[in-house]
Amino acid sequence: MSLFINLFVNGVILGLLYATIALGFSLVLGVSGVLNFAHGVLFALGAYGYWVLKDFMGFWPAMAGATLIVGVIGVVVERLLVRRVYGEDPLFGLVITMGFAMAIEQVLHMIFGAAAKTVNPPAFAQGVLFLGDMMVPYYRLFVALCCVVVLTGTWLVLNNTAFGAIVRAGMYDSEMVSALGHDLPLLRTAVFALGAMAAAFSGVLASSIWSIKPGMGGAFLMPSFLVVLIGGLGSIRGTVLGGLIVGLTTSLLSLVIPRFVDIMPYVIMAVVVYFWPRGLLGKQNILE
């Protein structure tokens, strides 16, 4: 029973992290209609940026610095590459962002090498919390708290500010946003930058749970895509629900059918999309 509870808690924490990673992917796809396959490498850039900065600046400044730097990189990528494919076939966006991701992954490989790099948790989050038979590292609780803050803050911004109203309107009909006098290119740039920052922030959090390596972004890209498909595009609640489903499935099924853990999220995604093409709580299909 204690093993089940430990796996359940770890599944919830993993699900919240997946939801935070998928948050930017969902926002960019909703507002711009671009399948941003560079999202994974932005996640990796956040982790590497933190790894480089932490010894000079400490935990909090390095976390903020890496997140902001990747946000600026996101603006450059959107302006120079992604903007060219707005309104085109979604396949163009997928190809151009995938090409960028593959190029940056090779650059990371050349600069930092193929060897995985381990990062210790910050001093204030080291140690383990014991609750009876349950054992949870303090750092994982810190990660869960950060994810809840980011997801809740994003939900509050989207539902209680003028900017959030424009973003939500852009998810339904981006051309209508432009027709109403709002600067649609600026909105798309801002959302892409926020998505890049969310990916980088997640990369910083994940760096002390898993090792840092050039291909780490690809390992988290597909789970993020599954989270969006399961939870539904344009819904923060759907993103959280999708993240928890993927996280809990991955964690709990390792106790029962460990050989099939990796494919079960895909099976769940297929079932959800078959019966709910817009996802469980989505407002629109990703192809609409």
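How many disulfides does a search of the whole structure find? The search finds 0 disulfides, and the structure in question is a predicted model. The points below take up the cysteines, then the largest nonpolar core, and then the second largest pocket.

**Cysteines**
- Cys 146 is in no disulfide, and the nearest cysteine sulfur, which belongs to Cys 147, lies 6.9 Å away, whereas a disulfide would need the two sulfur atoms within 2.5 Å.
- Cys 147 is likewise in no disulfide, its nearest cysteine sulfur being that of Cys 146 at 6.9 Å.
- Cys 146 is buried, with a relative accessible area of 11%, and Cys 147 is also buried, with a relative accessible area of 0%.

**Largest nonpolar core**
- The largest nonpolar core holds 83 residues, and Val 167 and Leu 205 are those with the most contacts inside it.
- Helix H1, which spans residues 2-32, contributes the largest share of this core, namely 15 residues.
- Leaving aside residues up to four places away in sequence, Leu 205 touches Leu 17, Met 63, Tyr 139, Phe 142 and Val 143, together with the two cysteines Cys 146 and Cys 147.

**Second largest pocket**
- The second largest pocket encloses about 360 Å³ of space, and among its 16 lining residues Tyr 18, Ala 219, Pro 223, Thr 250 and Asp 262 are the closest to its centre.
- At least two lining residues come from each of helix H9 (216-231), helix H10 (236-256) and helix H11 (264-275), with H9 giving the most, 6 residues.
- By residue class, the lining of this pocket consists of 12 nonpolar, 2 polar and 2 charged residues.

Definitions and conventions. Residues are numbered from 1 along each chain as its sequence is written. This is a predicted model: local features need pLDDT of at least 70, side-chain atom pairs count only at pLDDT 80 or more; totals for chains, interfaces and linings use all residues. Side-chain values use heavy atoms; hydrogens and water are left out. A nonpolar core is a set of buried Ala, Val, Leu, Ile, Met, Phe, Trp, Tyr and Cys residues joined through side-chain atoms within 4.5 Å. Buried means under 20% relative accessible area, exposed over 50%, partly exposed in between (1.4 Å probe, protein chains only). Helices (H or I, at least four residues) and strands (E, at least two) are DSSP runs, numbered from the N terminus. Contact means heavy atoms within 4.5 Å. On a 1 Å grid over the protein atoms alone, a cavity is a set of points where a 1.4 Å probe fits but cannot get out, and a pocket is an open set with protein on both sides within 12 Å along at least five of seven lines; lining residues have an atom within 4 Å of a point. Grid points are joined across faces, edges and corners, and a volume is the space filled by probe spheres set on the points. Ala, Val, Leu, Ile, Met, Phe, Trp, Tyr, Cys and Pro count as nonpolar, Asp, Glu, Lys and Arg as charged, and the others, Gly among them, as polar.
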